[in-house]
Every structure is written in structure tokens, then in C-alpha cells.
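Biologist: I have this one open on my screen and would like to walk through it with you. Could you bring up the sequence and structure so we can start?

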Amino acid sequence: KAVGKTVDSAVEIFDQVRALESAGAFAAEIEVVPAPITAEIAKRTSLVLFSMGAGVDGDAQNLFAEDILGHTRGHRPRHAKVYRDFDAEYSRLQRERVAAFGEFRADVSAGGYPAPEHLVPVADDVVAAFAAELDARPALRSEP
């Protein structure tokens with residue numbers, strides 16, 4: 001939601017910037033503020049201002065990767081600009097993820113996974129010695 005559209009609101013933003021400056025901050029994000037208000041604040045603060053939809057007078061421009069890559073679902077903020085449509089690619093990848101997990105589940109149910117090549121080999125004499133070692137130990141109460 002845009003802020004700084006009234007004198008009171010713009011003064012409140014400026015006071016917040018000054019409070020950050022007084023607290024020792026070196027930078028602040030100024031978001032969805034009318035560009036002329038940002039310009040007036042920028043003239044009067046030593047803070048580095050990261051502008052997000054607040055005009056060119058911030059010291060740097062900030063935009064979320066989701067906006068740049070077109071991965072914003074639902075409401076797209078007014079200040080957002082899409083440079084690539086990754087949403088379609090992310091949707092395709094999600095379908096592929098779901099398909100892969102479905103194939104895994106089906107493979108497990110059909111006995112195709114794990115196959116011998118997916119298992120750690122061990123010599124029969126090691127298994128026999130291990131079982132003998134366990135059999136020689138006292139049984140735990142939870143064992144049948």
C-alpha cells in the first residue's frame with residue numbers, strides 16, 4: 001500500500017528515516033512512496049536509500065527476484081516489473097517434481113526400488129557373525 005501521499009504520512013516517513021539515522025543505521029528501504037517525497041527525503045538524510053517503487057532518487061533500486069522473474073502469483077505490485085516469465089517454468093518443474101515422486105512411489109510399490117545396484121554389498125560371513133553377536137546379547141524387553 002502506498003504511503004507518503006499526505007503531508008502527515010510523508011512527515012511520518014521522514015521521522016522514521018531520521019530515527020534510523022540517529023540509531024546508527026547506514027541504510028533504509030523506502031518502499032511505495034511517491035517519487036517527489038522520496039527526493040525530498042533523500043536531500044535531507046545521509047542514509048543510503050534503497051528505493052522500491054519510490055522513484056529514482058533513492059541511492060539504489062530494489063526489486064524482489066520473484067517480481068523480476070515473473071514468479072509472483074496473484075496480485076502483482078504496481079512497482080513490480082517482470083523481465084522473464086519464470087512462473088510458467090516453475091509450474092512445469094512442479095509438474096515434473098510431482099511426476100517423479102509418483103514414479104518413485106510406484107517403483108517402490110512394484111519392487112523395482114531398491115534394486116541390488118542401489119544396496120551396499122556385504123559378505124555372507126559378516127552377516128552371519130553379526131547375527132551371532134546379536135544373538136549372544138541379552139534380549140531387550142521389547143523384543144518378541
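Modeller: Let me start with Arg92, which at 35% relative accessibility counts as partly exposed. Please keep in mind throughout that this is a predicted model.

Biologist: OK, what does Arg92 form a salt bridge with?

Modeller: Its partner is Glu89, and the closest N and O atoms of the two residues are 2.6 Å apart. Glu89 is partly exposed as well, at 34% relative accessibility.

Biologist: And where do Arg92 and Glu89 lie?

Modeller: Both are in helix 4, 3 residues apart, about one turn of the helix.

Biologist: How many salt bridges does the count come to?

Modeller: The count comes to 5 salt bridges, with a side-chain nitrogen of Lys or Arg required to be within 4 Å of a carboxyl oxygen of Asp or Glu. One of them joins the side chains of Lys43 and Glu40, at 3.0 Å from N to O. These two residues are 3 apart in helix 2, so about one helical turn separates them.

Biologist: Are Lys43 and Glu40 buried or exposed?

Modeller: Lys43 counts as exposed, at 60% relative accessibility, whereas Glu40 is partly exposed, with a relative accessible area of 34%.

Biologist: Any other pair you'd point to?

Modeller: Arg137 forms a salt bridge with Glu133, and there the closest N and O atoms are 3.4 Å apart. Arg137 counts as exposed at 52% relative accessibility, and Glu133 is partly exposed, with a relative accessible area of 41%.

Biologist: Which residues do salt bridges with shared partners join into one network?

Modeller: That network consists of Glu40, Lys43 and Arg44, joined through salt bridges that share partners.

Biologist: Switching to helix 1 now. How far does it reach?

Modeller: Helix 1 covers residues 7–22, which is 16 residues, and it reaches 22 Å from its first C-alpha to its last, close to the 22 Å expected at 1.5 Å a residue.

Biologist: Which residues in helix 1 are buried?

Modeller: Ala10, Ile13 and Val17 are buried in helix 1. Seen down the helix axis, the buried residues of helix 1 fall within an arc of 60°, so they line one face of the helix.

Biologist: What covers that face, and what is on the face turned away?

Modeller: The cover over the buried residues of helix 1 includes strand 1 (27–31) and helix 2 (35–43). On the face turned away from the buried side, helix 1 carries the exposed residues Val7, Asp8 and Ser22.

Biologist: What about the backbone just after helix 1?

Modeller: Gly24, just after helix 1, takes a positive phi of about 100°. Val32 has a positive phi too, of about 50°, although Val32 is not a glycine. Val32 lies in the loop between strand 1 and helix 2, and it counts as buried at 14% relative accessibility.

Biologist: Then there's Pro36. Where is its place, and is it buried or exposed?

Modeller: Pro36 has its place in helix 2 and is exposed, with a relative accessible area of 55%. In sequence Pro36 and Asp57 are 21 residues apart, while in space the distance from C-alpha to C-alpha is 8.3 Å.

Biologist: And Asp67, buried or exposed?

Modeller: Asp67 is buried, with a relative accessible area of 3%, and it is found in helix 3 (residues 65–68). Leaving aside residues up to four places away in sequence, Asp67 touches Thr72, Pro77, Ala80, Lys81 and Val82.

Biologist: Back to the outside for a moment. Which residues make the nonpolar surface patch?

Modeller: The patch is made by Phe101, Phe104, Val108 and Tyr113, and its area is about 410 Å². Phe101 is found in helix 4 (residues 86–110) and is exposed, with a relative accessible area of 60%.

Biologist: Tyr113 caught my eye. What kind of peptide bond joins it to Pro114?

Modeller: The bond joining Tyr113 and Pro114 is a cis peptide bond, with omega at about 0°. Pro114 lies in the loop between helix 4 and helix 5 (124–135), and Tyr113 is one of the residues that make the nonpolar patch.

Note on methods: Residues numbered from 1 in each chain as written. Predicted model: local features only at pLDDT ≥ 70, side-chain atom pairs only at ≥ 80, totals over all residues. Heavy atoms only, no water. Helix = DSSP H or I, 4+ residues; strand = E, 2+ residues; numbered from the N terminus. Expected span 1.5 Å × (residues − 1). Buried < 20%, exposed > 50% of the residue type's maximum accessible area, 1.4 Å probe, protein only. Arc of directions from axis to C-beta. Contact = heavy atoms within 4.5 Å. Patch = residues over 30% accessible without salt bridge, like charges linked within 9 Å, V, L, I, M, F, W, Y side chains within 5 Å. Areas by Shrake-Rupley, 256 points an atom, 1.4 Å probe, with all protein chains shown as cover.
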